[in-house]
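Open the model in your viewer and keep the selection box at hand. Each stop on this tour says what to select and what is there.

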Amino acid sequence: MQKLGELLISVAVAGLASQWVIDGAASAQDFPPYPEQKPLAAERQGAIAKGREDPPNGGRPEINSADEMRAASGYSAPGAVRYATLAAAAADGKWGVTTYYRCKNTPGGTAINAPYPAPLEVFDGVYSIGDHANNIWAIKTSEGIILLDALGSRENAEAFIVGNMMRLGLDPKDIKIIIVSHNHDDHTGGVEYLKDLTGARLGMTKIDWDAATAEGAMPAKADGDFYIVDGQKITLGDRTLTAVFTPGHTPGTISLLFPVTWKGQDHIATYAGGQGSPNELAELVQFRTSLDHLAVFNDLMQSDVVLSNHTVGDDGLTKVAAMTADPSVNPYIVGREAVIGYHEMWRACLSADIEQMIHDGATGDPTALAAREGEPH
Ligand SMILES: [Zn+2]
C-alpha cells in the first residue's frame with residue numbers, strides 16, 4: 001500500500017486533478033470518481049427480453065438464435081433474412097449482445113444501460129479499464145504501457161483510464177504509446193489530456209488523423225507520433241502488435257492482433273477497431289471487404305481470442321462480470337472455431353444490411369434501415 005500511496009502522490013504532483021490528491025494510503029474514494037450514470041431512454045437500447053433485465057448488461061437485448069434474429073431484426077429482403085439467419089447460426093449463442101448490435105436493423109447503438117464494469121486484468125499484463133460502453137485496453141510491456149483508445153472526454157479518461165489503472169496498481173504515467181482505433185469522438189476525446197499527462201506517442205492512420213485534426217478532435221501529429229499502415233508491426237519492449245487496416249466504420253479504422261498469455265498458455269487476440277455498421281452502401285461493402293482482410297490475418301496468426309473497443313463488440317460486460325466472479329475461467333479465450341464463427345456472424349450481418357439497402361432502393365420502399373438514425377460508434 002505504501003508503494004501505491006507514493007504513486008498517488010507522484011501523480012498528484014505531476015498536476016492531475018486536485019480533488020483526488022491524497023497524502024496517505026490509498027482507498028477507493030481517493031481515486032478519480034466515476035461520473036454519475038444517466039439512464040438511457042428504453043428505446044435507445046431496444047426492448048429487453050424477459051429474464052434478461054439484470055446486470056451486467058443492464059438488460060441489453062440479445063440475439064442467440066435464428067428465431068430471435070427473425071423477431072428482433074425485422075429484415076424484409078429475402079437475402080437479408082437469409083444472411084441474418086446465417087449470422088445467428090454462426091454466432092452460436094456466444095455473443096448475444098454483439099449479435100443483436102451487429103445486424104443493423106435493430107434499435108439501439110453502443111450506448112447501454114448498465115453498471116460500470118470492474119477494471120480487470122484479463123490476460124497477463126492486459127487490462128480492461130473502460131466504461132460500460134467503451135472497452136479500453138492497457139497492455140503492459142517491459143518498457144511501459146500501450147493504451148488502445150482514449151474515451152470521449154478528459155473527464156472520462158481521468159475517471160476510467162487513469163482511475164482504473166490506479167485501482168489496479170498501475171502508474172498512468174507509464175503509458176508510452178496510445179493507439180487510436182479511429183476518428184470518432186468516443187475514442188479520441190481523451191487523447192489530448194492523456195498525451196499531456198503522459199507524453200505518450202500517438203499512433204493512428206493518416207486518413208483518420210487528418211480528419212480528426214481538421215475537426216479539432218485530436219492534437220496534430222507531433223515528434224515521436226506515428227502513422228499506422230496495414231500490416232505494420234508496433235513494438236514496445238517485449239510486445240509487438242500487428243496492425244490491420246480495416247476501413248468501413250470510418251475511412252481509416254485500424255484493428256490489431258497481438259499475442260497474449262494466460263495461465264502459462266499462449267494465445268493470439270484479435271482486437272476489432274471499428275464496430276457499428278455505416279449508413280452508406282459503399283461503406284458497408286468496404287467494411288465487409290475489410291473484415292475479410294482481417295480474417296486472413298486471423299487465420300495466418302491463428303487468433304483464438306476476440307476483443308473489441310466496445311462492450312457491444314465482444315459481449316465485454318458479460319465476460320468481465322463472469323471473470324470477476326470466477327477468475328479460474330477466461331471467457332475471452334474462445335478458440336479458433338469461435339473466432340471463425342464471430343467473423344462469419346459479423347460478415348453475414350453486414351451482408352444482411354447490404355441486401356436490405358439494395359432491396360429498399362430497388363423497391364422504392366425504404367425501410368427503417370436506411371432512414372434510421374444510426375449511432376455508428
Ligand atoms: Zn466509431
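**Stop 1: a pair of helices**

This is a predicted model. Begin with helix α4, residues 78-91, and helix α13, residues 336-363. Their axes come within 8 Å and cross at roughly 165°. That angle is over 145°, so α4 and α13 are roughly antiparallel to each other. The crossing in which α4 passes α13 is left-handed.

Now show the side chains where the two helices meet. On α4, select G79, A80, Y83, A84, L86, A87, A90 and A91. On α13, select G341, E344, M345, A348, C349, S351, A352, E355, Q356 and H359. Colour the residues of this contact by class: eleven are nonpolar, five polar and two charged.

**Stop 2: another partner for α4**

Keep α4 on screen and add helix α3, residues 66-73. Here the axes lie 8 Å apart, and the packing angle is about 135°. α3 and α4 are therefore oblique to each other. This crossing is right-handed.

From α3, the contact takes A66, E68, M69 and S73. From α4, it takes A84, T85, A87, A88 and A89. Sorted by class, the contact of α3 with α4 has six nonpolar residues, two polar and one charged. Look back at A84 and A87: both also belong to the contact of α4 with α13.

**Stop 3: the seven-stranded sheet**

Hide the helices and show strands β1 to β7. In what order do the seven strands of this open sheet run? The order is β1-β2-β3-β4-β5-β6-β7, with mixed pairing. At the edges are β1 (120-123) and β7, each of which pairs on one side only.

Zoom in on β4, residues 144-148, and β5, residues 175-179. These strands pair in the parallel sense, over four bridges. Pick L147 and look across to β5, where I178 stands opposite.

Next, bring back one helix: α8, residues 191-198. α8 packs on the sheet and touches β5 and β6 (201-204). The direction of α8 makes about 160° with that of β5.

**Stop 4: the loops on either side of β7**

Select K221. This residue is found in the loop between α9 (206-215) and β7 (226-227). Is K221 buried or partly exposed? K221 has 16 C-beta neighbours inside 10 Å, so it counts as partly exposed. Draw a distance from K221 to K206, C-alpha to C-alpha: the two are 9.4 Å apart in space and 15 residues apart in sequence.

Then select I228, in the loop between β7 and β8. I228 counts as buried because it has 25 C-beta neighbours inside 10 Å, and the cut-off for buried is 20 or more. Leaving aside neighbours within four places in sequence, the contacts of I228 are G203, M204, T205, A243 and I254. T242 is 14 residues from I228 in sequence, and their C-alpha atoms are 10.0 Å apart.

**Stop 5: the five-stranded sheet**

Show strands β8 to β12. These five strands form an open sheet in the order β8-β9-β10-β11-β12, again with mixed pairing. β8 and β12 (305-308) are the edge strands, each pairing on one side only. Ignoring direction, neighbouring strands of this sheet are turned by 30° against each other on average.

Start at the edge with β8, residues 233-236, and β9, residues 239-245. They run antiparallel and are joined by four bridges. Pick T235, which stands opposite T240 in β9. Pick L236 as well: R239 stands opposite it in β9. Which residue takes a positive phi in the hairpin of β8 and β9? Select G237, whose phi is near 55°. This hairpin has two residues between its strands.

Move on to β10, residues 254-262. β9 and β10 also run antiparallel, with four bridges between them. Click F245 and find its bridge partner in β10, I254. I254 has already appeared on this tour, as one of the contacts of I228.

**Last stop: the whole chain**

Zoom out and show everything. The chain has 14 helices and twelve strands. Of its 377 residues, 49% count as buried. Finally, turn on contacts between residues at least 6 apart in sequence: 69% of these join residues at least 24 apart.

Definitions and conventions: Residues numbered from 1 in each chain as written. Predicted model: local features only at pLDDT ≥ 70, side-chain atom pairs only at ≥ 80, totals over all residues. Axes fitted to C-alpha atoms, helices over the stretch in contact; angles between N-to-C directions. Parallel < 35°, antiparallel > 145°, perpendicular 65-115°, else oblique. Left-handed = near helix turned anticlockwise from the far one by under 90°. Contact = placed C-beta atoms within 7 Å. Nonpolar A, V, L, I, M, F, W, Y, C, P; charged D, E, K, R; others polar. Pairing = 2+ DSSP bridges. Buried ≥ 20, exposed ≤ 12 C-beta atoms within 10 Å, placed from the backbone.
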